Amino acid sequence: MAIFPQTRAVLPPSGAVLLPHRRDRARRLPALRHIGPNWYAAVMGTAIVASAGAALPVDVPGLRGACTVVWALSAVLLAAVLAARAGHWLHHRDQARAHLLDPAIAPFYGCLAMALLAVGGATLTVGADVVGVRAALAVDVVLFTAGTAVGLVAAVVVPYLMVVRHRPAPGTASPVWLLPLVAPMVSASQGALLVPHVAAGQGREALLLACYAMFGLSLLATLVVLPLVFARLVHHGPLPLALTPALFLVLGPLGQSTTAVNQLADAAPGAVAGPYASAFGAFAVLYGVPVMGFALLWLVLAGAMAIRARRDGMGFAMTWWAFTFPVGTCVTGAAGLARHTGLAALTWLAVALYVFLVAAWAVAGARTVRGVVSGALTAAPVPPAPVTARTR
């Protein structure tokens, strides 16, 4: 099973015939026909480079300026992908509906929410140096509100469609299923940045606890899906080559939840009573350290599978953006733990993960630009070749 429109053909229902006006619409802007919701992954992966760099607990000369440039690029990318997706829905509604009803593509609607949230958070933490705190806060509030609304809807609608329409076959669980479920966790971590900007009182406390509620929503949903993903690997073997990078998506809820508890702990004083604020601070470490340990275990496992797939001929696809945002959440998670524990080892872990993140972002970005210029990434998808059994 492929997870991107570039690796899976989405065809009209059997016997369906496009009406003349629909055929005419489909001929307009043909390059947009295959721009699916997965393209928001490039926005997420770019924005996290900026926000993760700003979160590093070390002072690197020139890093802040570089992060500002990357933030500006992520804002431009968000506008471009939003426009492209709007054109996709306007001119290729048949394909857009097919994407929504495709179990391999529908989960990527969670990427829209995370792209909005990621750019909004980066605007407040990095972009404020350029546009000012007041303007950055206004932008973040708008993007946070929109991203949270979209994320909560996706967290309900996509699982609902999986049950009543998609009906995936046994043994087809994919890490992609986590995408709509992790979006509320991104809202939890990004909402923590807004808590200090809310007037003290009921509103501030409500926002803090709402973020914790979204943390719980996402965490418990992840605990339901993750065993299915691992069982699929154990009982059915490695994922198809093009899908292999999606294993890194498991790092998303792990790193993002660690980031969330640390940022919420920072925001708790002044929002809730003293004893609760202290408990939230302790919870950040007691939860974050074990989860970060599991994230590192999964990082090694996913990395080994990616190396194996590359050796077996895995070429570039938009799935490579899975090497960016999930790893970036581990950077911010490790940085948060370093901030709360003062442990130098966690500081260096954050730095090492950030180096990997920047390298992965540079490679994925360069290959994406090349694919867009050549038209390879916007062309009609090629049906996947038959998979032959093999043993190692």
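**Exercise 1. How do the axes of helix 3 and helix 5 cross, and within what distance do they come?**

Work on the predicted model shown above.

Step 1. Locate the two elements. Helix 3 covers residues 63-91, and helix 5 covers residues 109-131.

Step 2. Take the axes. They come within 9 Å and cross at roughly 145 degrees.

Step 3. Assign the hand. The crossing of helix 3 past helix 5 is left-handed.

Step 4. Sort the contact by residue class. Helix 3 against helix 5 gives 15 nonpolar, five polar and three charged residues.

Step 5. Look at one residue of helix 3. Ala72 sits in this helix. Its relative accessible area is 32%, so Ala72 is partly exposed; the class runs between 20% and 50%. From the C-alpha of Ala72 to that of Val119 is 9.2 Å in space, although the two are 47 residues apart in sequence.

**Exercise 2. Describe the overall make-up of the protein.**

Step 1. Count the elements. There are 12 helices and zero strands.

Step 2. Read their order. From the N terminus on, every element is α.

Step 3. Add burial. Of the 392 residues in the protein, 54% are buried.

**Exercise 3. Characterise the second largest cavity.**

Step 1. Search the whole structure. Three cavities of 30 Å³ or more turn up.

Step 2. Pick the second largest. Its volume is about 80 Å³.

Step 3. List the lining. The second largest cavity has 13 lining residues; Leu179, Val182, Leu249, Gly252 and Phe325 lie nearest its centre.

Step 4. Trace the lining to helices. Helix 7 (179-194), helix 9 (251-267) and helix 11 (325-341) each supply at least two residues.

Step 5. Classify. The lining holds 10 nonpolar and three polar residues, with no charged ones.

Step 6. Follow Gly252 outward. Its C-alpha is separated by 9.1 Å from that of Ala295, 43 residues apart along the chain. Ala295 belongs to helix 10. With 2% relative accessibility, Ala295 counts as buried.

**Exercise 4. Classify the pair of Phe215 and Phe283, and say which parts of the chain it ties together.**

Step 1. Set the context. The structure holds 10 aromatic pairs.

Step 2. Choose the descriptors. A ring pair is described by the distance of the centres and the angle of the planes.

Step 3. Apply them. Phe215 and Phe283 are 6.2 Å apart centre to centre, with 90 degrees between the planes. Planes over 60 degrees apart count as edge-to-face, so this pair of Phe215 and Phe283 is edge-to-face.

Step 4. Place the rings. Phe215 is in helix 8 (residues 202-236) and Phe283 in helix 10 (residues 274-311), so the pair ties together parts 68 residues apart in sequence.

Step 5. Compare their settings. Phe215 has 6% relative accessibility and counts as buried. Phe283 has 32% and counts as partly exposed.

Step 6. Note a cluster as well. Phe248, Phe316, Trp320, Phe323 and Phe356 form one aromatic cluster.

**Exercise 5. What is the sign of phi at Arg167, and is the residue buried or exposed?**

Step 1. Find the residue. Arg167 lies in the loop between helix 6 (133-166) and helix 7.

Step 2. Read the backbone angle. Phi of Arg167 is near 45 degrees, a positive value, and the residue is not glycine.

Step 3. Check the surface. The relative accessible area of Arg167 is 61%. Exposed means over 50%, so Arg167 is exposed.

Definitions and conventions:
Residues numbered from 1 in each chain as written. Predicted model: local features only at pLDDT ≥ 70, side-chain atom pairs only at ≥ 80, totals over all residues. Heavy atoms only, no water. 1 Å grid on protein atoms, 1.4 Å probe; cavity = no way out; pocket = protein on both sides within 12 Å on 5 of 7 lines; lining within 4 Å. Points joined across faces, edges and corners; volume = space filled by probe spheres on them. Helix = DSSP H or I, 4+ residues; strand = E, 2+ residues; numbered from the N terminus. Nonpolar A, V, L, I, M, F, W, Y, C, P; charged D, E, K, R; others polar. Axes fitted to C-alpha atoms, helices over the stretch in contact; angles between N-to-C directions. Left-handed = near helix turned anticlockwise from the far one by under 90°. Phe/Tyr/Trp six-rings, centres within 6.5 Å; stacked < 30°, edge-to-face > 60°. Buried < 20%, exposed > 50% of the residue type's maximum accessible area, 1.4 Å probe, protein only.
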